[in-house]
Structures are given as C-alpha cells and as structure tokens.
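Here are some notes for when you open this one up. They go helix pair by helix pair, then turn to the core and a couple of single residues.

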Amino acid sequence: MTYDAVDEALELFRPNSFFKNFEIKGNGDRLLIYIILFISQSLNKLKPTMAAGEATKQLYTLAVSQVVIPADVNFPLHSMYPGVADKLESDMLRQYLLQVRQEVATRLVALVYAGGQAYPSKWWLCFQKRHFMGKSMN
C-alpha cells in the first residue's frame with residue numbers, strides 16, 4: 001500500500017488542527033485542508049461509548065450525505081478555492097470528494113479504534129473541539 005493524500009491528512013490532522021492560518025501553495029494543500037475539515041467533522045460524530053461498528057455506520061452516512069464542494073457558497077473556506085467551470089466539472093469534483101470522504105471515514109475508524117479497542121481512543125476524541133483555522137464543515 002502506498003502513502004497518499006488521505007494518509008498524509010490523517011497523520012497531520014492533530015498537529016494541523018492547532019493552525020490558525022495555513023499558506024496554500026497548490027491544489028495538494030487545498031485537498032489537505034478539505035480532508036482535515038472532514039476529519040474534524042467526522043470526529044464530532046463519534047461518542048466516547050460508541051462501538052466501532054456503530055462508528056463505521058455513522059461515518060459512512062456522513063461521508064455520503066451532503067458532499068459540499070469548495071465551489072459551494074456554504075463551504076467554510078470558499079474564497080480560497082477556485083470556482084468550477086461548469087456543471088460537469090462540479091459533478092466530477094463532487095464524485096471525487098465523495099470517494100475521498102468514504103476512504104477517510106474507513107481509515108479514520110481503523111485509527112481511532114486501533115488495536116481492536118471497544119471504544120474510541122481518547123487521544124483522538126480530545127480533538128473534537130479543535131477547529132483547523134477556526135473553521136468547520138458542520
């Protein structure tokens with residue numbers, strides 16, 4: 001298995017959640033920001049007593065529902081992202097981000113419930129109240 005953008009975002013989520021600003025140098029940074037905001041939104045769905053199976057269901061539901069793309073006006077950092085050219089590009093971006101969200105949800109559950117834990121790790125849940133750049137997708 002190769003290291004990809006989802007792995008990078010999951011690895012950097014906790015330190016990056018303390019950032020108040022972030023310099024965007026390219027589209028990779030934009031994807032990283034989107035994934036970090038989604039991880040934060042996902043962690044807020046988890047409860048300290050939630051079993052891994054229930055967490056998987058909750059995060060999958062979150063991943064496939066209301067896929068907000070950066071071109072949407074209600075996206076928290078809308079102004080930092082370029083607009084989309086047309087409906088086709090918008091649909092392609094929405095489909096891509098849907099796949100990213102599903103993959104993040106799957107890998108996040110594996111991390112938060114690492115080692116077959118019955119309940120989520122407190123070291124992940126303590127980041128529920130942290131908001132990257134003071135923003136959230138909720």
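**Notes on the helix packing**

1. Start with the α2–α3 contact: Phe38, Gln41 and Ser42 of α2 meet Leu59, Leu62 and Ala63 of α3. Contact here means heavy atoms within 4.5 Å, and the helices are DSSP runs (H or I, at least four residues), numbered from the N terminus, strands being E runs of at least two. By class, the residues of this contact are 4 nonpolar, 2 polar and no charged. For the classes, Ala, Val, Leu, Ile, Met, Phe, Trp, Tyr, Cys and Pro are nonpolar, Asp, Glu, Lys and Arg are charged, and the others, Gly among them, are polar.

2. Before going on, some housekeeping. This is a predicted model, so local features need pLDDT of at least 70 and side-chain atom pairs count only at pLDDT 80 or more, while totals for chains, interfaces and linings use all residues. Residues are numbered from 1 along each chain as its sequence is written, and side-chain values use heavy atoms, with hydrogens and water left out.

3. What about the geometry of that first pair? The axes of α2 and α3 come within 10 Å and cross at roughly 135°, which makes α2 oblique to α3. Axes are lines fitted to C-alpha atoms, for helices over the stretch in contact, with angles from 0 to 180 degrees between N-to-C directions. Under 35 degrees counts as roughly parallel, over 145 as roughly antiparallel, 65 to 115 as roughly perpendicular, and the rest as oblique. The crossing of α2 past α3 is right-handed, meaning the near helix is turned clockwise from the far one by less than a right angle (anticlockwise would be left-handed).

4. Next, α1 against α2. Their axes come within 9 Å and cross at roughly 65°, so α1 and α2 are roughly perpendicular to each other. On the α1 side the contact includes Ala5, Leu10 and Phe13, and on the α2 side it includes Leu32, Ile36 and Leu43. The class split is 11 nonpolar, 2 polar and 1 charged.

5. The α2–α4 pair also has a right-handed crossing. Here the axes come within 10 Å at roughly 50°, so the two helices are oblique to each other. Among the α2 residues in this contact are Tyr34, Ile35 and Phe38, and α4 brings residues including Tyr96, Arg101 and Leu108. The tally is 13 nonpolar, 2 polar and 1 charged.

6. Which residues touch the most other members of the largest nonpolar core? Of its 42 residues, Ile35, Ile39, Leu43, Leu46, Phe75 and Leu108 do. Such a core is a set of buried Ala, Val, Leu, Ile, Met, Phe, Trp, Tyr and Cys residues joined through side-chain atoms within 4.5 Å. The largest share, 10 residues, comes from α2. Leu43 touches Phe13, Leu108, Val112, Trp124, Leu125, Phe127 and Gln128, leaving aside residues up to four places away in sequence.

7. Two single residues to click on. Gln66 sits in the loop between α3 and α4 and has a positive phi of about 50° although it is not a glycine. At 73% relative accessibility Gln66 counts as exposed, whereas Gly53, in helix α3, is partly exposed at 41%. The cut-offs are under 20% relative accessible area for buried, over 50% for exposed, and partly exposed in between (1.4 Å probe, protein chains only). The C-alpha atoms of Gly53 and Pro120 are 11 Å apart, with their positions 67 residues apart along the chain.
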